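Me: I'd like to learn how to read a structure like this one, feature by feature. Could you take me through it?

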Amino acid sequence: RYPPAALAGRDGRGFGPATEAFASALAPIEEAIGAGLLVLDDPILVALTLWSAAHGVAEVLLMGIGLPDAMADTLVGSVVDATLDGLRRDPGTPVVG
């Protein structure tokens with residue numbers, strides 16, 4: 001579905017450790033899709049969704065706005081929970097392809 005260049009970076013060499021981390025996340029995502037646990041059937045799209053959520057919250061935490069640790073922890077948990085809840089398939093819900 002996605003051209004290899006889209007996942008390889010502008011220079012075509014990939015993103016080093018980030019590419020490896022992204023690739024390592026695909027196996028459990030593919031298992032979850034195979035088990036019918038997710039509403040999406042595209043492992044790249046699921047991985048990009050999770051990656052985007054994680055990097056979005058990381059960016060907020062790195063902005064230096066001085067969130068107390070407890071609030072930062074709650075924010076991370078909220079983003080993770082909301083993202084996974086959005087991807088999780090309830091029984092009887094069709095898979096989107």
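Me: Let's start with D85. Is D85 buried, partly exposed or exposed?

Reply: This is a predicted model, so each value here is computed from it. For burial, look at the relative accessible area: under 20% is buried, over 50% is exposed, and in between is partly exposed. D85 has 49% relative accessibility, so D85 counts as partly exposed.

Me: Which residue does the side chain of D85 meet in a salt bridge?

Reply: The general idea is to look for a side-chain nitrogen of Lys or Arg within 4 Å of a carboxyl oxygen of Asp or Glu. Here the side chain of D85 meets that of R88, with 2.6 Å from N to O. R88 is partly exposed too, because its relative accessible area is 44%.

Me: How many salt bridges does a search of the whole structure find?

Reply: The search finds one.

Me: Let me step back to the overall fold. How many helices and strands are there in the protein?

Reply: Count the elements, then read their order from the N terminus. There are four helices and zero strands, and the order is α-α-α-α. Of the 97 residues, 21% count as buried. The accessible surface comes to about 6600 Å², and 64% of that area belongs to carbon and sulfur atoms.

Me: What share of the contacts comes from residues 24 or more positions apart?

Reply: For this, set aside the contacts with a separation below 6 and look at the rest. Among contacts with a separation of 6 or more, 57% are between residues 24 or more positions apart. A pair that shows distance in sequence next to distance in space is A32 and R88: they are 56 residues apart along the chain, and their C-alpha atoms are separated by 9.3 Å.

Me: Which residues make up the largest nonpolar core?

Reply: The idea is to join buried nonpolar residues through their side-chain atoms. In this model the largest such core has 12 residues: F22, L26, I29, A32, I33, L38, V39, L40, I44, V46, A47 and L87. Helices α2 (17-34) and α3 (43-62) each supply at least two of them, and α2 gives the largest share, five residues.

Me: Could you show me a couple of core members? What does I29 touch?

Reply: When you list neighbours, leave out residues up to four places away in sequence. On that basis I29 touches L38, P43, V46, A47 and L50. A32, found in helix α2, touches L37 and L38 when counted that way. A32 has a relative accessible area of 16%, so A32 is buried.

Me: Where is D42 found?

Reply: D42 is found in the loop between α2 and α3. With a relative accessible area of 6%, D42 falls under the 20% limit and is therefore buried. For a polar residue like this, ask what its side chain reaches: in D42 it is the backbone nitrogen of I44, at 3.0 Å.

Me: Now helix α4. Is T83 buried or exposed?

Reply: T83 is in helix α4, which covers residues 69-87. T83 is buried, because its relative accessible area is 16%. Leaving out residues up to four places away in sequence, T83 touches T49, L50 and A53. T83 and A54 are 29 residues apart in sequence, while their C-alpha atoms are 9.4 Å apart in space.

Me: What does L75 touch?

Reply: With that sequence filter, L75 touches V57, V60, L61 and L67. L75 lies in helix α4, and its relative accessible area of 26% makes it partly exposed. For L75 and V57, the separation is 18 residues in sequence and 7.6 Å in space, C-alpha to C-alpha.

Me: Which residues make the nonpolar surface patch?

Reply: Here you look for nonpolar side chains that keep over 30% relative accessible area and lie within 5 Å of one another. L61, V76, V80 and L84 make a patch of about 270 Å². Helix α4 gives the largest share of the patch, three residues.

Me: Why does V76 count as partly exposed?

Reply: V76, which lies in helix α4, counts as partly exposed because its relative accessibility is 32%. That value is between the 20% and 50% limits.

Terms used:
Residues are numbered from 1 along each chain as its sequence is written. This is a predicted model: local features need pLDDT of at least 70, side-chain atom pairs count only at pLDDT 80 or more; totals for chains, interfaces and linings use all residues. Side-chain values use heavy atoms; hydrogens and water are left out. Helices (H or I, at least four residues) and strands (E, at least two) are DSSP runs, numbered from the N terminus. Buried means under 20% relative accessible area, exposed over 50%, partly exposed in between (1.4 Å probe, protein chains only). Contact means heavy atoms within 4.5 Å. A nonpolar core is a set of buried Ala, Val, Leu, Ile, Met, Phe, Trp, Tyr and Cys residues joined through side-chain atoms within 4.5 Å. Patches are made of residues with over 30% relative accessible area and no salt bridge: like charges are joined within 9 Å, nonpolar side chains (Val, Leu, Ile, Met, Phe, Trp, Tyr) within 5 Å. Accessible areas come from the Shrake-Rupley method with a 1.4 Å probe; for residues, only the protein chains shown count as cover. A polar contact is a pair of N or O atoms within 3.5 Å; within protein, one must be able to donate a hydrogen and the other to accept it, and residues adjacent in sequence count only if both atoms are side-chain atoms.
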